[in-house]
Amino acid sequence: MNGDEQLLRGRVYGRDHDDDPGPLAGQRYAALIGGPLDGLLLDITGWRPEEVDHGAALATELGRFPGGRSLYGPRPGEPSAPGPGVSCRFYYCGDTP
């Protein structure tokens, strides 16, 4: 793991690095697995189950297409826990411009 990857671990995607970039109590998160955003948490508080099932296309400069999006989604049949904390995992599926 390089220094950039270590900086991302445990941080919440989209949170400002100057503020506390870690998870907040009472929020629900998906852990991002693999790809350029590996180790980050995605805040999915308030997402409907069908939204969680579809995953997310996340803007990043770290992917194959700078300024593009990295695609993450759950694996079929993998359980999702209700309530706050890390409730599911989204796996890297690829990049799009």
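This report describes the fold, nonpolar core and aromatic contacts of a predicted model.

## Model and confidence

The model is predicted. Its mean pLDDT is 85, and 85% of the residues reach 70 or more. Over residues 1-8 the pLDDT is below 50. That stretch has seven contacts in the model beyond near neighbours in sequence.

## Fold and surface

Two helices and five strands make up the secondary structure of the protein. Along the sequence they follow the pattern α-β-β-α-β-β-β. Among contacts with a separation of 6 or more, 48% are between residues 24 or more positions apart.

The protein has 97 residues, of which 33% count as buried. Its accessible surface comes to about 5,900 Å², and carbon and sulfur atoms account for 53% of that area.

## Nonpolar core

The largest nonpolar core has 12 residues. Its leucines are L32, L37, L40, L42 and L58. The other members are A30, A56, I44, V52, Y72, C88 and F90. Strands β1 (28-33), β3 (56-60) and β5 each supply at least two residues of this core. In soluble globular proteins, nonpolar side chains tend to be buried together.

L32 is one of the core residues. Leaving aside residues up to four places away in sequence, L32 touches L37, L40, L42, L58, Y72 and F90, as well as D38 and G39.

## Aromatic pairs

The structure holds two aromatic pairs. One of them joins W47 and F90, with 6.2 Å from centre to centre and 45° between the planes. The pair counts as tilted because its angle lies neither under 30 degrees, as for stacked rings, nor over 60, as for edge-to-face rings.

This pair links distant parts of the chain, its two residues being 43 residues apart. W47 lies in the loop between β2 (41-43) and α2 (49-54), whereas F90 belongs to strand β5 (residues 85-96).

Which partner is buried, and which is partly exposed? F90 has 0% relative accessibility and therefore counts as buried. W47 has a relative accessible area of 25% and is partly exposed. Because buried means under 20% relative accessible area, W47 falls outside that class. F90 is also a member of the largest nonpolar core and one of the residues touched by L32.

## Charge over a ring

A further contact with an aromatic ring involves R75 and Y91. The charged end of R75 sits over the ring of Y91, at 3.7 Å from the ring centre.

How values were computed. Residues are numbered from 1 along each chain as its sequence is written. This is a predicted model: local features need pLDDT of at least 70, side-chain atom pairs count only at pLDDT 80 or more; totals for chains, interfaces and linings use all residues. Side-chain values use heavy atoms; hydrogens and water are left out. Rings of Phe, Tyr and Trp (its six-membered ring) pair if their centres lie within 6.5 Å; planes under 30 degrees apart count as stacked, over 60 as edge-to-face and the rest as tilted. Helices (H or I, at least four residues) and strands (E, at least two) are DSSP runs, numbered from the N terminus. Buried means under 20% relative accessible area, exposed over 50%, partly exposed in between (1.4 Å probe, protein chains only). A charge sits over a ring if NZ of Lys or CZ of Arg is within 6 Å of the ring centre and within 35 degrees of the ring normal. A nonpolar core is a set of buried Ala, Val, Leu, Ile, Met, Phe, Trp, Tyr and Cys residues joined through side-chain atoms within 4.5 Å. Contact means heavy atoms within 4.5 Å. pLDDT is the predictor's confidence in each residue, from 0 to 100. Accessible areas come from the Shrake-Rupley method with a 1.4 Å probe; for residues, only the protein chains shown count as cover.
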